[in-house]
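User: I am new to this structure and would like a close look at a single part of it. Please take one chain and explain how its strands are arranged and which charged residues are paired.

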Amino acid sequence: MARVMLEVRDLTTKYITRYKEDVYAVDHVSLKIEEGKTLGIAGESGCGKSTLALSLMGYYFPPLHYMSGEIIIDGQNITGMKPDDVRKSILGREIAYIPQAAMNALNPTRKVIDFIGDVVRAHDPTWTKKMIYDHARSLFERLGLPAEVLQKYPVELSGGMKQRTVIAVAVTLTPKVLIADEPSSALDVTSQKMVIKMLRDLMESGFIKAMIFITHELPLLYNVADDIMVMYAGQIVESASAKQAVFDPLHPYSKGLMGSIIVPESGLRNVKLVAIPGAPPNLKNPPPGCRFAERCKYVQAECKVTSVPLYEVGYNRAYRCILSETELRRAYEHGE
Amino acid sequence: MKHTLNQVFHSGKFLVGFTILMTVLVIVFVYPLIVRTPPLQIIGQGTFFPPGIYVSTYDAINAPTVYTLNLPDAEARRIANRLTQEDRIAMKEWLVAFGVPEEEIDIDDTAQLLAQWEANYDPNLRLPGMTFARHRYFQRVNASIDGLLSTEGAIIAARNPETGELTEKSIVKQTDFANVNDIANVRILTLGTDNFGRDVTTQLVAAAGVSLLIGLVAGLIATTIGLVLGLMAGYIGGVVDDVIMFVTNLFTVIPTFVLLILISFSIGQDRRGAVTIAIVIGFTSWVWTARAVRSQVFSLRNRDHVNLSKLSGHPLPRIIFADILPYIASYVVMAFILQISSGILAEAGLSILGLGPRTTETPTLGLMMNWAMIYQAHILGKWWAYMPVLLTIALITFSMNLMNTGLDQVFNPALRD
Amino acid sequence: MKGYRRYFLNKLGWFAITFVFAFILNFILPRMMPGDPVAAIVARQAQGISNPTGVQAIYEQYTELFGTDKPMIEQFFIYVRNVLRGDFGFSFSQYPRTVADVISASIWWTLMLQLPAILVGWTLGNMLGALAAYLKGGFDKVLMPSSLFLSSFPPFGMAVILLVVFAVNLKWFPTSGGYAYNLIPSFTPEFMRSMFIHYQLPFWSIVLIAIGGQAIGMRSMSIYELNADYVKFARFMGIKDGRIVAYVFRNAMLPQVTGLALALGTMVGGALIAEIIFSYPGLGTTLLNGVMGQDYPLISASTLIITFMVLTATFILEILYGVIDPRIKATQSD
């Protein structure tokens, strides 16, 4: 078995709203990524996938709060570390994050090189300006970005260039794990391709060891990820290999998400999530039973009262439904 | 719509502001129904009567029933009331000079002070170095204290119209009382009178009303102009936008205040009524609304629902009323509220400069302030002539600002934290 | 650098255009007064001045200055020429002083009072607003409503309150004037001291008003910036909170510079009225005297000077803004 780069056990985090209500946006999530693998996370907006990304960093600030669970990065358990130690030795070094709206992820009034300087010095104040510049320059060259970018302000960069710069900044300290939250959703098609290519190159060259890729664009996920996890209302509802998740989804929610994908790959390109009627439950007081019950086509009386655990079905696969694999498959055949 | 209103009225800030404003409005409308004196009628002969209940002395003497009340502390109160602060300080000075220890004297304790005075004062004693005038002053103080201590009543006399002789009619004893309910003329002046002898409260209520009206008219004009120009610039674009933006930019930098002064002065004192001033203010303060509306419309112009309407061949007014206005309504309402409060402030500023509405018709908050300043109420310590005015202005604008902040928080959720 | 030059020229152009426009307004508005303005003004004026030769002199001077017998366009150029020469004619109310004389005596008082007061108020307001956004909680809950209430006060209201509390009741400061009336303006220590004491109340009343408005704006800006995406990214890259706060405040502060430029006109207007309350010998009081004495030449010259000062200050602020905000240069060079 390959080296496990990131392991998360039973992680639960919550938001505290300004009315002092608790919202459990990540609810007992476990996951494991091996070296060289990319894990995709899919789900509608508001399903908790972005919060999961934030929670994986092990560094919490209001309104997000840690509740329970463990995060182990390359064998190092960071749970219980002091926040300032996490900041200094984990963030950017072991695990890095590319935010959802990367277009605005750079301080607009700071040159790229100065921001890189801030990042480097936050971890090691002994670096000189010259060292930082040389390091940044060689990094940018290696990633195929023009070195002039370093001397520019973010406003002077095009959207695609800005996004690639953000990625370059994120990997400045050669983190092992990279979490990319919708890194390409706001870009035009050409820039999207370049960003995706850049991320793939980073993985293939071993610059980063593992990646979590979050998006609501399924075709993209299918192309990038090795495994896919589907999230709904703060919980994992299905996890499987990319191929199984897309072509043979088990959970009715995954089925709904993937349902519209047409088989020929060329046709996949612009298919986005189809709307599933209804809206996700309010996480301030989630329903006692299955959280998808309200919207599920195959709902049973039992679904609304008993909470459903995640069933491991072997062959690296799990789903959260009271129906068996066979029952589900039969239902889908009839439904179609 | 209903949902939004519901949300708005759940905002604490908005609610507080709204309540204050409504209270002011209710007072403005209800008060004139109770007190019917015209606000600018001069009732007091003299300036700056302090707040209080004014009882007609004449009616009190002629009250139908005279009650005798033997109040134990009546005398002490009377003396305490009549003995001025200046006299008390002088008395203390004398007593200290003639050997009474300073710490034993409390000039606020009338009874003790008088006792000490009685025990120690000797009209023949004179301090070395004391001027003769000062010496006489102390003798006068002593005489008036003796007068205060007298228990005789005051004589009411009538003059015989033929001989001119005075004949005693009655004596008002120190224990005589009249019931206020029996006295025909009692006037409550909660805030006293101003420099011209006019009732400040009545004036203030009327002024608040007029100022609100000025704010409202100015706000309506400014908002309408701003809205129309903003809509045209934002929706039509092109040359229209360029021209409108050029004018808007001009008026953004030229201080409104200066324009107001020039225009008000040019209009001339005789033609400056409250509404005229309001119109002038309105015509000089539309710039911000126009800018805000334009940028909103700009971003709306190419939204799907607007395009759909255009493609469906809907007429322009319909597109504007159905597809654009509802989306910018919140901004326009907020701008309107701000315009009202800044209109009230602008009027006040102009009036202080002497460029306010004509002074003979109606009071405004600014004019009241202006009068108080000219007659130096603030330096003379006549707080009732200006403080309530200031507070009213502040309260009205504060309520509007609160409402605005409340609305802002409802419509821009990022600011809530 | 090219981008900045473009920005600079653009702003310079606007400065020139607005000034010309303001100048024209200053010329036209009083001429829209009904009837013959000169006759009307002099008629009103004649009652005030006991010196008949003075009235006559003013009348002639003013007819010449206004040139009312000539066509509008020619009048305008006469006006331009006179203004360029600094010739605003005689003051009606303070004859035989010239308007230029009256104004040059008061303009320094206004500049010395308002410039520092507005800058100090702006700085303090921004600091408080930033603090409120960052600390939140109790500080914010107290600061916000009080700033809001403070900024609801008309500028002269604050002046009156300070005057009553500190000059009339506590007697810490004098009630009016720019210096003790028994002194002659000079650079003696005694005069300086007197000036300093007279300076305090007008100064702080302007500062307080400025603080209120600025604090509210800065708070909103800071909250907006604190929620910006770059804050989140910087945090997750391990950058310390102190550093991030510095980012945020710098970025929130920048729009406040433009905000100041835009609010300057209103602030100056308010401050002029505060001057009046303290009978401070600046332009505000001069303006009031002009209005009280129906002294048209004085009013016209005062408004022109005030407009010029505000426009210049705005221009300087915009130029400064272009230097300190890199975004300006970048967007202009596209």
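Analyst: What follows goes through the strands of chain A and then turns to salt bridges.

The model is predicted, so that local features are described only at a pLDDT of at least 70 and side-chain atom pairs count only at pLDDT 80 or more, while totals for chains, interfaces and linings use all residues. Residues are numbered from 1 along each chain as its sequence is written, chains are lettered from A and ligands numbered from 1 in the order in which they are written, and side-chain values use heavy atoms, with hydrogens and water left out.

Some terms come before the strands. Helices (H or I, at least four residues) and strands (E, at least two) are DSSP runs, and they are numbered from the N terminus. Two strands count as paired if DSSP finds at least two bridges between them.

Strand 1 is a good place to start. Strand 1 (residues 4–16) of chain A is joined to strand 2 of chain A by eight bridges, and the two run antiparallel. These two strands form a hairpin with five residues between them. In its turn, A:Lys20 has a positive phi of about 60 degrees. Strand 1 of chain A is also joined by eight bridges to strand 4 (residues 64–73) of chain A, again in an antiparallel pairing. A:Glu7 can be followed across both pairings: it stands opposite A:Lys32 in strand 2 of chain A, and opposite A:Ile72 in strand 4 of chain A.

Next comes the sheet of eight strands. It is an open sheet in chain A with mixed pairing, and its strand order is 6-7-8-3-9-10-12-11. Strand 6 (95–98) and strand 11 (311–314) of chain A stand at its edges; each has a single partner strand, so one side of each has no neighbour in the sheet. From one strand to the next, the twist averages 20 degrees. (Angles run from 0 to 180 degrees between N-to-C directions, with axes being lines fitted to C-alpha atoms, for helices over the stretch in contact.)

At one of these edges, strand 11 of chain A is held by three bridges to strand 12 (residues 317–319) of chain A, and the two run antiparallel. A:Gly314 has A:Arg317 in strand 12 of chain A as its bridge partner. A helix also lies against the sheet: helix 6 (residues 189–204) of chain A packs on it and touches strand 3 (38–42), strand 6, strand 7 (177–181) and strand 8 (210–214) of chain A. Contact here means heavy atoms within 4.5 Å. The direction of helix 6 makes about 155 degrees with that of strand 8 of chain A.

The charged pairs come next. A salt bridge is a side-chain nitrogen of Lys or Arg within 4 Å of a carboxyl oxygen of Asp or Glu. By this rule the count over all chains is 24 salt bridges.

One of them joins A:Arg291 to A:Asp27, with the closest N and O atoms 2.6 Å apart. A:Arg291 lies in the loop between helix 10 (265–268) and strand 11 of chain A, and A:Asp27 in strand 2 (residues 22–34) of chain A, so the pair ties together parts that are 264 residues apart in sequence. Both A:Arg291 and A:Asp27 are buried. Buried means under 20% relative accessible area, exposed over 50%, and partly exposed in between (1.4 Å probe, protein chains only).

Another salt bridge pairs A:Glu94 with A:Lys176, the closest N and O atoms being 3.0 Å apart. A:Glu94 is in the loop between helix 2 (83–90) and strand 6 of chain A, and A:Lys176 is in the loop between helix 5 (159–170) and strand 7 of chain A, so this pair ties together parts 82 residues apart in sequence. A:Glu94 is buried, at a relative accessible area of 13%, whereas A:Lys176 counts as partly exposed at 24% relative accessibility. A:Glu94 and A:Lys176 also belong, with A:Arg3 and A:Asp74, to a network of salt bridges.
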